[in-house]
Each structure stands twice: as C-alpha cells, then as structure tokens.
Amino acid sequence: MAQMTGAVRPPRISQAGMSRDLLYKDIVGASPKMQRIFRLVSKVAPTDSTVLLTGESGTGKELIARSLHLQSRRAQGPFVAVNMGAIPETLVESELFGYARGAFTGATVDRSGLVEEADHGTIFLDEIGDMPLHTQVKLLRTLESGEVRRLGDSTARVVDLRVVAATNRELRAEVAARRFREDLFYRLNVVEIALPALRERREDIGLLASYFLTRISERRGRRGLRFAPAAMALLERYDYPGNVRELENAIEHAVTLGEGRIIRPTDLPTALREPRLLAARTPPAGEPAHDEPRGAAAHAGSPREAWSLAEVEREHILTVLKRHRGNASSAARQLGISRTTLWRKMRAYGLGRARAGEGWP
Ligand SMILES: Nc1ncnc2c1ncn2[C@@H]1O[C@H](COP(=O)(O)OP(=O)(O)OP(=O)(O)O)[C@@H](O)[C@H]1O
Ligand SMILES: [Mg+2]
C-alpha cells in the first residue's frame with residue numbers, strides 16, 4: 001500500500017563526499033557523476049518544478065526525492081510517497097483522489113486521498129510507469145488545474161503540490177508503446193535527474209561501503225569494525241546489478257556473519273565472491289566494451305591494469321587452484337609458497353576449503 005511519511009530530518013548532502021551526521025540517511029557520493037547530481041538537486045529543489053527521477057533499481061531515487069523535498073520551501077509540509085506498483089489497480093483512484101460518501105459500495109464516509117494529503121508539500125509518485133492509463137488522465141487534469149475532485153464529489157478542492165515522479169523503466173518507450181500518455185510524460189519530465197548505476201561510478205563503492213559499515217555497526221552496537229583489504233577488493237570489483245541497495249545489504253550480511261572486528265571476504269554474500277559473475281560485467285552505458293583480448297580471464301569491462309594487487313593475487317590463486325583441481329599441495333608448490341600460506345590466503349580471499357572440496361573444474 002501507499003506509504004506516507006511526515007517531515008523527516010533533512011539529510012545533509014556533503015559536497016566532499018560524506019557528512020558526519022548519521023542520524024538520518026545521508027547521501028554519499030564523491031564521484032563527479034554524483035557531485036553533478038548534488039548540484040542539480042540543490043538548483044532544482046527550491047523551484048516548484050516537477051522532477052522525473054530515472055535510474056535502475058537501488059540507485060537512490062527515493063533518497064533524492066526526499067532530499068528535493070527537504071531542500072525546498074515545502075520542507076515543513078508533508079512528503080507523501082506513493083508506490084504506484086504497490087496499489088491494486090481498482091484502488092488507485094480512491095487512494096489518490098479520495099472519495100465522497102456513497103461514491104461506491106463501502107464508501108461509508110468522506111475520505112481525502114493522498115493528493116490532498118500532500119497539500120503544501122511534495123507528492124512522490126514512485127514507479128509512475130505502473131500508473132493505469134485512466135488514472136494518468138485524472139492526474140494530468142489535477143496537475144494542470146491545481147484542483148482535485150474526490151470520487152463521487154461535485155466540488156473541486158484547490159491543492160498546492162510539488163510532484164516528483166520516479167521510474168526504473170524507459171518511460172519514452174512506454175509512451176511509444178502507448179502505455180503511458182505523452183502529455184503526462186511531458187508534464188512530468190520538466191527536469192529529469194538520471195541517477196547513474198553504481199558500476200558507472202565505482203569510485204563511490206569504497207566510500208559507500210565504509211559509510212554503511214559505520215552506520216550498521218553503530219546500530220548493532222559493534223563499533224570499530226573494519227574491512228580486510230581482500231574484502232574491500234572484492235567489494236570494489238563487483239558489479240552491483242542491485243546498485244546501492246545491494247551494496248548496503250551486502251554490508252549488513254557481512255556485519256551479521258562476521259565475528260571479531262575485521263570483515264573478511266568469507267563474510268560477504270556469495271555473489272560478490274563468485275568470480276564467474278564478474279566476467280559477465282557489462283560496460284557502463286555509452287562506453288564500448290574494451291577491446292582487451294578475451295583470454296583465460298576475459299573480464300569484460302574490467303581491465304586488468306585497473307585491478308589492485310590483492311585482486312590479481314586472488315585471481316591468480318584461483319587459476320592455479322583450478323589447474324591443480326583444488327589440490328592445495330601442488331598448487332602451493334607451483335606458487336612457491338607453503339601450503340599453510342596458501343590456506344591463509346585462500347581464507348582471506350574467500351576461496352575456502354569448502355570450495356576446494358566442491359571439486360574444481
Ligand atoms: N548515494 C547514497 N548514499 C547513501 N545511501 C544511499 C545512496 N543511494 C542509495 N542509498 C540507499 O540505498 C537504498 C536504495 O535507495 P532508494 O530506495 O532511494 O533506491 P531507488 O532508486 O528508489 O530503488 P527502487 O527503484 O528499487 O525503488 C536505500 O536504503 C538508500 O538509503
Ligand atoms: Mg524506490
């Protein structure tokens with residue numbers, strides 16, 4: 001169902017990357033791409049312009065929507081978030097526009113809708129691409145007239161709204177397919193803020209990881225946790241199809257599983273430790289797949305020159321282990337290290353005994 005939130009503590013956007021205020025969710029990002037977004041947000045927030053937030057799932061659309069609200073003159077007013085994908089189609093209109101008593105069976109009282117509740121504030125229409133066509137017509141009418149009419153009611157009520165919409169679909173394609181009204185699209189798309197995928201701003205991974213580690217460990221009363229360098233190397237190499245949300249969940253997973261003060265590679269979710277997934281990396285949009293020869297490792301989009309020493313070491317150990325079918329003694333001999341050292345490195349890089357026991361291809 002629709003979620004509603006009243007005024008919340010303003011997140012402070014830190015130009016330098018990260019602020020110290022951990023009481024409410026801050027927005028972290030030192031990459032030029034995020035710095036550009038922050039500048040855009042500060043510029044657009046004080047205006048009443050409608051904003052369309054686009055970007056993959058987990059890129060921070062809702063966080064930015066709240067920030068737009070909190071940096072606007074409406075900050076003291078309500079922020080009403082409505083997830084269009086979560087409301088059953090038959091209820092969408094009564095939820096949004098409210099109803100008069102007797103408008104339909106079961107309407108025993110007059111009720112305001114979410115649009116009215118957002119009066120003097122911001123309405124965040126999340127997953128706007130899921131809005132049914134007939135509702136789109138009504139929404140457009142409301143936006144153009146500045147008035148809302150409850151279902152079954154003859155009086156129109158004036159509303160003062162700022163609309164922020166979000167979508168992780170290509171809304172232009174929805175317009176082309178006639179699933180989204182073109183007029184509403186232009187009405188919403190006054191300013192578009194396109195949030196980049198996390199893999200397109202890899203510089204932010206370390207910063208975000210540390211930020212989440214601090215926040216989560218403080219919440220759990222386990223201050224002072226740190227990442228082992230090999231764990232950080234894995235975090236920095238992964239692709240994050242689920243973007244910042246996936247990174248946040250990975251850190252939570254690690255804090256839950258980790259014992260002691262150091263987060264080790266084995267504490268991270270398997271997806272991050274599985275090198276096969278790394279090979280499937282897609283290059284950032286607009287960038288051609290780099291033309292490194294597709295050798296044994298074939299890490300498309302992740303040029304070896306960009307790897308850290310720990311990454312190269314991990315990859316090499318894995319290759320040698322495979323070559324020796326998981327036989328640590330002969331792998332250690334080829335690597336010129338003792339078997340104990342190999343075990344230690346394997347543990348540090350999340351290539352533990354269990355994996356060796358699975359049998360190597
Ligand atoms: N730049 C950031 N700094 C700190 N936390 C972030 C940042 N971006 C996203 N997050 C966190 O990641 C999670 C996902 O963000 P959010 O819900 O805003 O994404 P979304 O784009 O709305 O995703 P979806 O399309 O799946 O709804 C949230 O917990 C949010 O606080
Ligand atoms: Mg969202």
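**Helix packing and the shell around ligand 1**

Helix 8 and helix 10 cross in a right-handed sense. I start with that pair today. One caution before the details: this is a predicted model.

So what is the geometry of helix 8 against helix 10? Their axes lie 9 Å apart, and the packing angle is about 45 degrees. That makes the two helices oblique to each other.

Now the residues. From helix 8, the contact uses Ile-205, Leu-208, Ala-209, Phe-212, Leu-213, Ile-216 and Ser-217. From helix 10, the partners are Val-244, Leu-247, Glu-248, Ile-251, Glu-252 and Val-255. By class, the contact holds ten nonpolar residues, one polar and two charged.

Next, helix 8 with helix 9. Helix 8 covers residues 203–219, and helix 9 covers residues 229–237. The axes come within 9 Å and cross at roughly 125 degrees. An angle from 65 to 115 degrees would count as roughly perpendicular, and one over 145 as roughly antiparallel. Helix 8 and helix 9 are therefore oblique. Their crossing is right-handed.

Which residues meet here? Helix 8 brings Ile-205, Gly-206 and Ala-209. Helix 9 brings Met-232, Leu-235 and Glu-236. The class split is four nonpolar, one polar and one charged. Note Ile-205 and Ala-209: these helix 8 residues meet helix 9, and they also appear in the contact with helix 10.

Third pair: helix 9 and helix 13. Helix 13 spans residues 309–323. The two axes come within 9 Å, crossing at roughly 90 degrees. So helix 9 is roughly perpendicular to helix 13. Helix 9 contributes Pro-229, Ala-230, Ala-233 and Arg-237. Helix 13 answers with Ala-310, Glu-311 and Arg-314. In this contact, four residues are nonpolar, none polar and three charged.

Now the ligand. How many residues surround ligand 1? The count is 16. Closest are Ser-57, Gly-60, Lys-61, Glu-62 and Val-244. Two elements give two or more residues to this shell: helix 2, residues 61–70, and helix 10, residues 243–257.

What about chemical class? The shell has four nonpolar, seven polar and five charged residues. Both domains take part. Domain 1, 32–196, and domain 2, 200–279, each supply at least three residues.

One link to close on. Val-244 is among the closest residues to ligand 1. Val-244 also sits in the helix 10 side of the contact with helix 8.

Key:
Residues are numbered from 1 along each chain as its sequence is written. Chains are lettered from A and ligands numbered from 1 in the order in which they are written. This is a predicted model: local features need pLDDT of at least 70, side-chain atom pairs count only at pLDDT 80 or more; totals for chains, interfaces and linings use all residues. A residue is near a molecule or strand if its C-beta atom, placed from the backbone, lies within 6 Å of it. Helices (H or I, at least four residues) and strands (E, at least two) are DSSP runs, numbered from the N terminus. Ala, Val, Leu, Ile, Met, Phe, Trp, Tyr, Cys and Pro count as nonpolar, Asp, Glu, Lys and Arg as charged, and the others, Gly among them, as polar. Domain bounds come from an automatic or database domain assignment. Axes are lines fitted to C-alpha atoms, for helices over the stretch in contact, and angles run from 0 to 180 degrees between N-to-C directions. Angles under 35 degrees count as roughly parallel, over 145 as roughly antiparallel, 65 to 115 as roughly perpendicular and the rest as oblique. A crossing is left-handed if the near helix is turned anticlockwise from the far one by less than a right angle, and right-handed if clockwise. Two residues are in contact if their C-beta atoms, placed from the backbone, lie within 7 Å.
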